[in-house]
Every structure is written in C-alpha cells, then in structure tokens.
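Open the model in your viewer and get ready to select residues by number. Each stop tells you what to pick and what to look for.

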Amino acid sequence: MGKTAAQRAAKHGPNAAPARPGAPGAGQPPQPKSSPGLIVIAGVVTTLFLFWYLHLLVLGQLTDLSDGLAMPDSMVFGYGEEHLAALRAAMDADALGQLSYVHKTAGVLFPLVFGMTWLLIIGLNTQRRSLRWVLFSAPILFVVADLWENIAIDNALGAAELSSGDAALAGTLTVARWVLLGLSLAAAVVSVFTRRVGGPPELVAKDKG
C-alpha cells in the first residue's frame, strides 16, 4: 500500500518524492479557502446601491410631493423648525406615509448594511486592538444616529403639533449622521493605510498576493 505524502515526509524528511499518480492522496485538488475580500466587495456594492436608491432616487422623488422642498434626510447641514413646518404644510397624510415607509425599509437597510460592511473592513485591516475599537466607534455611532434620525423625523412630521424640541432633535441627528458617515469612510481609509504601512511584512506580502 502506498504511503501518503505526510507519511513519506515524516520518514524521509521534507525532500521526499511526491506521491505517484494513482497513489492514495495523489491528485486531490486543494481545498478552497473562504475569501473575506469577496464579502467586503459584495457589501460595498450593496451599500453604494442602497445609498443611491435612498438618497438620490427615492428621497429625490418625494420632493414632487412636497412642492420641491428637500427631504430632511438629504440635508447635510441640517434644517430648522421652519423647514419641517413647511414640509408638514406641503405634504398630505399619504406623502408623509410614503416617507415613513421609506424610513422603515431602505432607511433601515442602508445603515445596517453600511455598518456591517465597514466593521468588516476595519476589522480585517486593523491589527492593533485599541485602534480597531476606536475606528469601530464611527460606523457604530452612525448606525445608531441614522436609525434614531428616522424615528425623530417621523415623530416631528407626524405629531399633532410640531415642537421646537422635536425639530431640534431631528436636525441635530441629521447633521450627526452625515458627520459620522464621513468619519466612517475616513476610518476605513485609516485602517487600510495603517495595515499597509505599519503591519508585519508577512501580512503585507500576503495582502498583496
């Protein structure tokens, strides 16, 4: 009975001849390895699609139901009570219901997919645990702020009477989510940069391969 490669190596050393064709263990294909990179690519593509669908397509279309007024979610620099009051006057119950539906669907999917994808990117590229958790904080806080913003906007627009406190909370959360989105993008860049510059040589070589 022929010996396997491991048995020959144990007996004769690492220079043992490879197994003959037909021998047990010969000709077996290498086992495929899972690739986190493929998961990251899929996550990034999905995130970009959801960003386009939510911010550029759906929220843009809803301006047709608000006399051209921008949806609060898309206003990077925030808004005040006057803007929300104008939206309440311009949008009927059906239009407000559509915005609330968007918040419960794409408005939930986008931050969750983005958050999980960015945590994976940072986790795969950051070797130092302390730095990893610092960089993790940006996407985690973004997810919290984004989901909370959806609720705050719906509450402000759907309340029987708009209060200055509800308007201030919604506007603050909108600005916070955009700031945290930018910080999350920067955190991913920092994680990749620190790995390539300061990582162990074997890790950098493996990454390039």
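Select Trp133. This residue lies in helix H6. Is Trp133 buried or exposed? Trp133 is exposed, with a relative accessible area of 53%. The cut-off for that word is over 50%. Now add Gly123, ten residues away along the chain. The C-alpha atoms of Trp133 and Gly123 are separated by 8.9 Å.

Before moving on, color by pLDDT. This is a predicted model. The mean pLDDT of the chain is 86, and 77% of its residues reach 70 or more. Select residues 200-209, where the pLDDT is below 50. Beyond near neighbours in sequence, this stretch has eight contacts in the model. Where pLDDT is low, the predicted coordinates should not be read in detail.

**Helix H4**

Select residues 93-104. This is helix H4, with twelve residues. From first C-alpha to last, H4 reaches 16 Å, close to the 16 Å expected at 1.5 Å a residue.

Which residues of H4 are buried? They are Ala95, Leu99, Ser100, Val102 and His103. Look down the axis of H4: these residues cover an arc of only 155 degrees, which puts them on the same side of the helix. An α-helix has 3.6 residues a turn, so residues three or four places apart point the same way.

Turn to the other side of H4. There, Ala93, Asp94, Tyr101 and Lys104 are exposed.

Now show what covers the buried residues of H4. The cover includes helix H2 (36-62), helix H5 (106-125) and helix H6 (129-158).

Finish at the N-terminal end of H4, which Asp92 caps. Check the distance from a side-chain oxygen of Asp92 to the backbone nitrogen of Asp94: it is 3.3 Å.

**Helix H5**

Go on to H5, which has 20 residues. H5 reaches 28 Å from its first C-alpha to its last, close to the 28 Å expected at 1.5 Å a residue. Color its buried residues, including Phe110, Phe114, Trp118, Ile121, Ile122 and Asn125. Keep Ile121, Ile122 and Asn125 in view for the next stop.

**Three stops in helix H7**

Select Ser191, found in helix H7. At 0% relative accessibility, Ser191 counts as buried. What does Ser191 contact, leaving aside its neighbours within four places in sequence? The list is Ile121, Ile122, Asn125, Thr126 and Leu135.

Next, pick Arg177. Its place is in helix H7 (residues 164-198). Arg177 is buried, with a relative accessible area of 2%. Follow its side chain to two partners. The side chain of His55 makes a polar contact with the side chain of Arg177, at 3.1 Å. The backbone oxygen of Asp73 lies 3.2 Å from a polar atom of the Arg177 side chain. Show the wider surroundings too. Not counting residues up to four places away in sequence, Arg177 also touches Phe110, Phe142, Ala145, Asp146 and Glu149.

The last stop in helix H7 is Ala167. Ala167 is buried, with a relative accessible area of 3%. Add Ala152, 15 residues apart from Ala167 in sequence and 8.2 Å apart in space, C-alpha to C-alpha. Beyond residues up to four places away in sequence, Ala167 touches Tyr79, Glu81, Leu84 and Leu162.

**The nonpolar cores**

Follow that contact to Leu84. Leaving aside neighbours within four places in sequence, Leu84 is in contact with Pro72, Tyr79, Ala156, Leu157, Leu162 and Ala167.

Leu84 belongs to the largest nonpolar core, which has 36 residues. Those with the most contacts inside this core are Leu62, Met71, Leu84, Leu99 and Phe142. Which helices each supply at least two residues of this core? H2, H3, H4, H5, H6 and H7 do. In soluble globular proteins, nonpolar side chains tend to be buried together.

Apart from this core lies another, of five residues. Select Ile122, Leu131, Phe136 and Ala187, which are among them.

**A last look at a loop**

End at Asp67, in the loop between H2 and helix H3 (81-90). At 67% relative accessibility, Asp67 counts as exposed. Check its backbone as well. Phi of Asp67 is near 60 degrees, a positive value in a residue other than glycine. Most residues other than glycine have a negative phi.

Methods
Residues are numbered from 1 along each chain as its sequence is written. This is a predicted model: local features need pLDDT of at least 70, side-chain atom pairs count only at pLDDT 80 or more; totals for chains, interfaces and linings use all residues. Side-chain values use heavy atoms; hydrogens and water are left out. Helices (H or I, at least four residues) and strands (E, at least two) are DSSP runs, numbered from the N terminus. The expected span of a helix is 1.5 Å times one less than its number of residues. Buried means under 20% relative accessible area, exposed over 50%, partly exposed in between (1.4 Å probe, protein chains only). The arc is that of the directions from the helix axis to the C-beta atoms. Contact means heavy atoms within 4.5 Å. A polar contact is a pair of N or O atoms within 3.5 Å; within protein, one must be able to donate a hydrogen and the other to accept it, and residues adjacent in sequence count only if both atoms are side-chain atoms. pLDDT is the predictor's confidence in each residue, from 0 to 100. A nonpolar core is a set of buried Ala, Val, Leu, Ile, Met, Phe, Trp, Tyr and Cys residues joined through side-chain atoms within 4.5 Å.
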